[in-house]
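Morning, everyone. I have one structure to walk through today, and I will keep it short.

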Amino acid sequence: MALSWVLTVLSLLPLLEAQIPLCANLVPVPITNATLDRISGKWFYIASAFRNEEYNKSIHEIQATFFYFTPNKTEDTIFLREYQTRQNQCIYNTSYLNVQRENGTISKYEGGQEHFAHLLILRDMKTFMLAFEVNDEKNWGVSVYADKPETTEEQLGEFYEALDCLRIPRSDVVYTDQKKDKCEPLERQHEKEKKQEEGERQHEEEKKQEEGES
């Protein structure tokens, strides 16, 4: 099954805006500029669990994933650069996500439909979660992300609490393994190209400035 963005299952999970289950750490809050600042940068997909067996099977295909969030506060969008390893191959994708500030959701328009996930900010500043299908008890799902590929049990505490609240067995959790990542060389190449472009741009600006002074 083809997978896409961050978890690569979001496109498979059309999420109707509905009430989150009454779990302390699953109550969505409005997204602010501070929220967007907090999730900006590089993140690693750590783990997820879904009540839907088909989705559980699909996420086993993901060996490792890291990505970059670049929010645009004016347009309420997030530019996503995603590096995912599946079947020992690196898959690189870019896309734009939409931000629904009041609803506390982010979404992607794909396949003629907009698909939503609730953004859940955690106590640990270095982690966050996404909640899927919160209106469908049979298909509830939660994923967790961190700023490093390795996490502690304490960091995953709120993720486990959410699973308990949603009555998803912890044995259903599927973890990634960054040691299987095949995208690091491509990321280094992209960073090198970015620095070269910035250097060329700066050189052109300096050249124009010198021509203007002469």
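I will go from the overall layout to one helix, then to a few single residues and a pocket.

A caution before the details: this is a predicted model. What I quote is computed from it.

First, the layout. The protein has four helices and nine strands. If you read along the sequence, the order is α-β-α-β-β-β-β-β-β-β-α-β-α. There are 214 residues, and 47% of them count as buried. Take the contacts between residues at least 6 apart in sequence: 62% of those join residues at least 24 apart. On the outside, the protein exposes about 11,600 Å², with carbon and sulfur atoms supplying 46% of that area.

Now helix 3, which covers residues 157-165. Which of its residues are buried? They are Glu158, Phe159, Tyr160, Ala162 and Leu163. The cover over these buried residues includes strand 1, at 41-50, strand 7, strand 8, at 141-146, and strand 9, at 174-175.

Take Ala162 from that helix. Its relative accessibility is 0%, and a residue under 20% counts as buried, so Ala162 is in the buried class. Its C-alpha atom is 6.8 Å from that of Leu26, although the two residues are 136 apart along the chain.

Strand 7 was part of that cover, so to speak of one residue in it: Thr127 belongs to strand 7, residues 127-132. Is Thr127 buried or exposed? It is buried, because its relative accessible area is 2%, and the limit for buried is under 20%. A polar atom of the Thr127 side chain lies 3.2 Å from the backbone oxygen of Asp124. Setting aside residues up to four places away in sequence, Thr127 touches Arg38, Trp43, Leu122, Tyr145, Ala146 and Gln155.

Next, two residues with a backbone angle to look at. Most residues other than glycine have a negative phi. Arg167, which follows helix 3, is not a glycine and has a positive phi of about 60°. Arg167 sits in the loop between helix 3 and strand 9. With a relative accessible area of 47%, Arg167 is partly exposed, because that class lies between 20% and 50%.

The other one is Asn88, again a residue other than glycine, with a positive phi near 60°. Where is Asn88? Asn88 is in the loop between strand 3, residues 77-86, and strand 4, residues 89-100. Leaving out neighbours within four places in sequence, Asn88 is in contact with Gln63 and Lys182. From Asn88 to Ile62 the C-alpha distance is 9.5 Å, and the two are 26 residues apart in sequence.

Last, the pocket. The largest pocket holds about 160 Å³ of space. Which residues line the largest pocket? Going along the chain, the lining is Tyr45, Ile46, Pro149, Glu150, Thr151, Leu156, Tyr175, Thr176, Asp177 and Gln178. By class, that lining has five nonpolar, three polar and two charged residues.

To recap the single residues: Thr127 is buried at 2%, Ala162 is buried at 0%, and Arg167 is partly exposed at 47%. Arg167 has a positive phi, and Asn88 has a positive phi too. That is what I had; thank you.

Note on methods: Residues numbered from 1 in each chain as written. Predicted model: local features only at pLDDT ≥ 70, side-chain atom pairs only at ≥ 80, totals over all residues. Heavy atoms only, no water. Helix = DSSP H or I, 4+ residues; strand = E, 2+ residues; numbered from the N terminus. Buried < 20%, exposed > 50% of the residue type's maximum accessible area, 1.4 Å probe, protein only. Polar contact = N/O pair within 3.5 Å; in protein donor to acceptor, adjacent residues only side chain to side chain. Contact = heavy atoms within 4.5 Å. Areas by Shrake-Rupley, 256 points an atom, 1.4 Å probe, with all protein chains shown as cover. 1 Å grid on protein atoms, 1.4 Å probe; cavity = no way out; pocket = protein on both sides within 12 Å on 5 of 7 lines; lining within 4 Å. Points joined across faces, edges and corners; volume = space filled by probe spheres on them. Nonpolar A, V, L, I, M, F, W, Y, C, P; charged D, E, K, R; others polar.
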